[in-house]
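Q: Hi! Could you walk me through this one with me? I'd like to start with burial and then wander a bit.

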Amino acid sequence: MSDCLFCKIIAGEIPSKKVYEDDLCYAFYDISPMAPTHFLVVPKAHFASAAEVTEENAPVVGHIYAVIAELAKEMGFSDGYRVVTNVGELAGQTVHHIHFHVLSGKQLGSFN
Ligand code: AMP
Ligand code: ZN
């Protein structure tokens with residue numbers, strides 16, 4: 001999608017600090033971290049949010065969770081982390097390319 005920030009990051013048109021990349025997904029550090037470890041994982045194929053997950057595109061969501069579990073071991077935060085995906089304005093979604101926040105490195109608060 002030509003006017004999508006995260007599509008531009010995936011394409012290398014906007015710089016990012018890469019954590020991981022494969023054929024299906026791209027992970028990069030959040031520009032405004034909310035925890036000592038805070039990165040985002042996005043599918044390379046654009047869709048807006050978890051509200052647009054279908055039987056067809058669902059496999060990439062499972063793949064992303066598997067990648068996160070592997071990164072947690074490799075990066076040393078498998079003792080505890082949070083995966084969050086915001087859907088829509090009420091949840092605070094600001095970039096409309098589905099992304100999974102991975103947060104770790106501190107005691108994370110409860111939801112409100
Ligand atoms: P959300 O509010 O769930 O849509 O999350 C969007 C996230 O993208 C926020 O945590 C932002 O800090 C992050 N973000 C915005 N622009 C960039 C960028 N250029 N590089 C890395 N992270 C970004
Ligand atoms: Zn996109």
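Q: Is His97 buried or exposed?
A: His97 is buried, with a relative accessible area of 0%. Bear in mind that this is a predicted model.

Q: And how does His46 count, at 28% relative accessibility?
A: His46 counts as partly exposed, because 28% falls between the 20% and 50% cut-offs.

Q: Cool. Which protein donors does the zinc ion (ligand 2) have?
A: Both of those histidines bind through ND1, alongside the SG atoms of Cys4 and Cys7. The four lie 2.1 to 2.3 Å from the zinc ion.

Q: What's the geometry of that site?
A: Tetrahedral, with angles of 102 to 117° among the four donor atoms. For reference, the ideal angle for four tetrahedral donors is 109.5 degrees.

Q: What spacing do the donors follow along the chain?
A: The pattern is C-x2-C-x38-H-x50-H. His46 sits in the loop between β3 (37–43) and α2 (58–75), and His97 in the loop between β4 (81–84) and β5 (100–104), so this pair, 51 residues apart, links distant parts of the chain.

Q: Switching topic: how many aromatic pairs are there?
A: Six, from a search of the whole structure. One of them is Phe6 with Phe28, edge-to-face at 5.3 Å centre to centre and 75° between the planes. Phe6 is in helix α1 and Phe28 in strand β2, so the pair ties together parts 22 residues apart in sequence.

Q: Are Phe6 and Phe28 buried or exposed?
A: Both are buried.

Q: Which residues do ring pairs link into a cluster?
A: Tyr29, Phe39, Phe77 and Tyr81. The charged end of Lys17 also sits over the ring of Tyr29, 5.0 Å from its centre.

Methods: Residues are numbered from 1 along each chain as its sequence is written. Chains are lettered from A and ligands numbered from 1 in the order in which they are written. This is a predicted model: local features need pLDDT of at least 70, side-chain atom pairs count only at pLDDT 80 or more; totals for chains, interfaces and linings use all residues. Side-chain values use heavy atoms; hydrogens and water are left out. Donors are N, O and S atoms within 2.8 Å of the metal (3.2 Å for Na, K and Ca); water is not among the atoms, so sites may look incomplete. Four donors count as tetrahedral if all angles lie between 85 and 135 degrees; four count as square planar and six as octahedral if opposite donors are over 155 degrees apart and all others between 65 and 115; anything else is irregular. Helices (H or I, at least four residues) and strands (E, at least two) are DSSP runs, numbered from the N terminus. Buried means under 20% relative accessible area, exposed over 50%, partly exposed in between (1.4 Å probe, protein chains only). Rings of Phe, Tyr and Trp (its six-membered ring) pair if their centres lie within 6.5 Å; planes under 30 degrees apart count as stacked, over 60 as edge-to-face and the rest as tilted. A charge sits over a ring if NZ of Lys or CZ of Arg is within 6 Å of the ring centre and within 35 degrees of the ring normal.
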